[in-house]
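Me: Hi! Could you walk me through this one? I'd like to start in the middle and work outwards.

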Amino acid sequence: MSEAEAERTEGGESGEDERERAAAPGPAPAAGRVALGQRLSRLRTWRPGAAAGRRPARLGAWRTRHPRAARILRLATTALAAALVLGALLLPNTLPALKAVSFARIPAEAVIGAVVVLALPRRPRLVAAVLYGLGLTALTTVNLLDMGFNEYLGRGFNAALDWDLLPDAQAYVRDTLGGGVATAATVGAVVLVLLVAAVMVAATIRLTRVLARHRVRATKGALIAGTVWVTCSALGLTMFGGPIASERGAGALRVHAQRTVESLRDEAAFVQQSKADTFGNTPPGELLPDLRGKDVIFTFIESYGRSAIEDPVMAPGVDRTLDTSTAALEKAGFASRSGWLTSATYGGSSWLGHSTTMSGLWIDNQRRYRTVSAGDHLTLTKAFQKTGAWDTVGVMPGVQKGWPEEKWYGLDKLYDAFDLGYEGPKFSWSTMPDQYALEAFQRRVHGKKRDKPLMSFVILTSSHQPWAPIPRMVGWDELGDGSVFDAIQKAGNKASDVITDTTKSREEYGKSIQYSVTSLTQWLERYGTDDTVLVFLGDHQPIARVSGNHASRDVPVSIVAKDPKVLDKVADWNWTEGLKPDRDAPVWKMSSFRDRFLKAFGSTPHPSKG
């Protein structure tokens, strides 16, 4: 085919298309030749400004004047389209796997796509090309979502469950980097998806036309590629540590489809599971008899994970803080024991860790959380309320809107971000420093005289990502309304400078854990009594960029009390003395903590059935 013929074929219809119409019923051969002559005459006499428009005329004139450049451009466009399609088919779903060698594969989906295209007539072929391009868009989108979810939450994206988390992600960006950045990120994500769709559809249409124009060579190429793929697959041949014969694209979509189906089935099973409860029918008088008269505080420290104690970058500072705090508490008359719990979540979604610990159910996704929190499954905090022997309160500086879950948690009163009298600056996502939140808790709740002991559910937020800026400890008598933190906040690191730097993130994360632990243990030294029992733990590990790509989901958990009888009740747990659990300390699933705690302190099981 000559240059001119190639140009005309590419701009219009393929030779195959001409043959299709020639085979269809039409005018007699002589009339067909006359019609063809008229069309060629019109092509020869067509000028810029004709009915087809000026732009095609200029483009055609440019191709005529610069045939070599036009050919190079045409080949480059085709090569780019092929690269985009192959790249989408071979794109990994995790950042560590995003390497050049990952694309040195033969994708089965490309071979099958070429065969289908070559077998279809013109119009169905165009429809198939558009659908194929949209399929590549969906594949690219879920792979990118997988990358983000694996990086932050340690798991892949779940199309059945995770759309509800996207508004939370936007809120996090808004609180961390500002409303303008959050809006830009949202708009950018939508534009990116639309752009990917447009580019992928254009690429598949381009390749479809090229294959149809060179049908014979394309058929031979598809046959050879298919034969090579089957051979490599049958022999298990590998290259650069992976199979040469790839079905990455179809496999990814299959995994997401299976994940969605399994999630829907899991939801139905979990509804029944949540109705069954070991202590569901336990009378109030048989719940927690061995803690009567004690002020019990359950405290979660945000992102306080095992990596904080064992990672070589973070551990030295955190371990010193734990050792110093253990010694200071012992001097004040407190003893402590520590172990490990395996969290139901990782990197984020803290409420899943809170609810798993308190409910005794494994709540690892948003749908499970909504199901259980809308029911009447007994939470550990609600067990205290059910006895009638305790006043129950929640202190949650991270809550900034209506929170109906307080009823499910069994809280008589909730103190959120607006109820603690804070007038100082926010520290990125955290509405107030932990030290201030604890002092406000003391002033408004814990330090007041009451007829009953107190059960408190406290969530500390200063160690929340992005760990910049981080508050510093000030004198407890200097806290006031929190304005003292203005200068500290202004002098701190900017979130934008830390959030993208792995080394800084790890360093600042460790410092934030030190701050939160110090705030809590100093508060206990200052305000704890002979009847105070503190249980504190992490809700999850920090994101993979900080904790490591293969970090466990374990978090530390500690019980602190002055009364030796309290710790005697958990002696058979074999936890480590002090606030730092040994590496070989017992590891339990977080969902087992509620029942172990209830049994340890004298509760009698009376199961309810689903």
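**Strand E5 and its surroundings**

Reply: Happy to. Let's start with a strand pairing: Asp295 stands opposite Thr532 in E10. This is a predicted model, by the way.

Me: How many bridges join E5 to E10, and which way do they run?
Reply: Seven bridges join the two strands, and they run parallel. E5 also pairs with E9, again parallel, through six bridges. Within that pairing, Ile297 has Ser456 of E9 as its bridge partner.

Me: Is E5 mostly covered or mostly exposed?
Reply: Mostly covered, with seven of its seven residues buried. On one side there are Asp295, Ile297, Thr299 and Ile301, and on the other Val296, Phe298 and Phe300; both faces are covered. As background, side chains in a regular strand alternate between the two faces of the sheet.

Me: Which aromatic cluster does Phe298 belong to?
Reply: Phe298 forms one cluster with Phe384, Trp390, Trp573, Trp575, Trp588, Phe593, Phe597 and Phe601.

Me: Nice. How many aromatic pairs are there by the count?
Reply: The count comes to 20 aromatic pairs. One of them is Trp408 with Tyr409, edge-to-face at 4.9 Å centre to centre and 65° between the planes. Trp408 is buried at 2% relative accessibility, and Tyr409 is buried at 1%. Another edge-to-face pair is Trp573 with Trp588, at 5.0 Å centre to centre and 80° between the planes.

Me: Where in the chain do Trp573 and Trp588 sit?
Reply: Trp573 is in the loop between helix H23 and strand E12, while Trp588 is in strand E13, 15 residues apart. Both Trp573 and Trp588 are buried.

Me: What lies over the face of Trp588?
Reply: Arg596 does, at 3.9 Å from the ring centre. There is also Lys413 over the face of Tyr415, at 5.2 Å from the ring centre.

Me: Switching to the backbone: which peptide bond comes before Pro466, cis or trans?
Reply: The bond joining Gln465 and Pro466 is cis, with omega about 15°. Pro466 is in the loop between strand E9 and helix H19. Pro469 lies in the loop between E9 and H19 too, and the bond from Ala468 to Pro469 is cis, with omega near -10°.

Me: And what about phi at Leu288?
Reply: Phi there is near 55°, a positive value in a residue other than glycine. Most residues other than glycine have a negative phi, and most peptide bonds are trans, so Leu288 deserves a look. Leu288 is found in the loop between helix H11 and strand E5, and counts as buried at 0% relative accessibility. Ser428 has a positive phi as well, near 60°. Ser428 lies in the loop between strand E8 and helix H18 and is buried, with a relative accessible area of 9%.

Me: How many residues of helix H14 are buried?
Reply: Nine of its ten, so to speak a mostly covered helix. Among the buried ones are Leu352, His354 and Met358. Just after H14, Gly360 takes a positive phi of about 80°.

Me: Last topic: what is the average pLDDT?
Reply: The protein averages 85, and 89% of the residues score at least 70. Over residues 43-53 the pLDDT is below 50, and that stretch has nine contacts beyond near neighbours in sequence. Residues 1-32 stay under 50 too, with 35 contacts beyond four places in sequence. Where pLDDT is low, the predicted coordinates should not be read in detail.

Key. Residues numbered from 1 in each chain as written. Heavy atoms only, no water. pLDDT = per-residue confidence, 0-100. Contact = heavy atoms within 4.5 Å. Buried < 20%, exposed > 50% of the residue type's maximum accessible area, 1.4 Å probe, protein only. Helix = DSSP H or I, 4+ residues; strand = E, 2+ residues; numbered from the N terminus. Pairing = 2+ DSSP bridges. Phe/Tyr/Trp six-rings, centres within 6.5 Å; stacked < 30°, edge-to-face > 60°. Lys NZ or Arg CZ within 6 Å of the ring centre and 35° of its normal.
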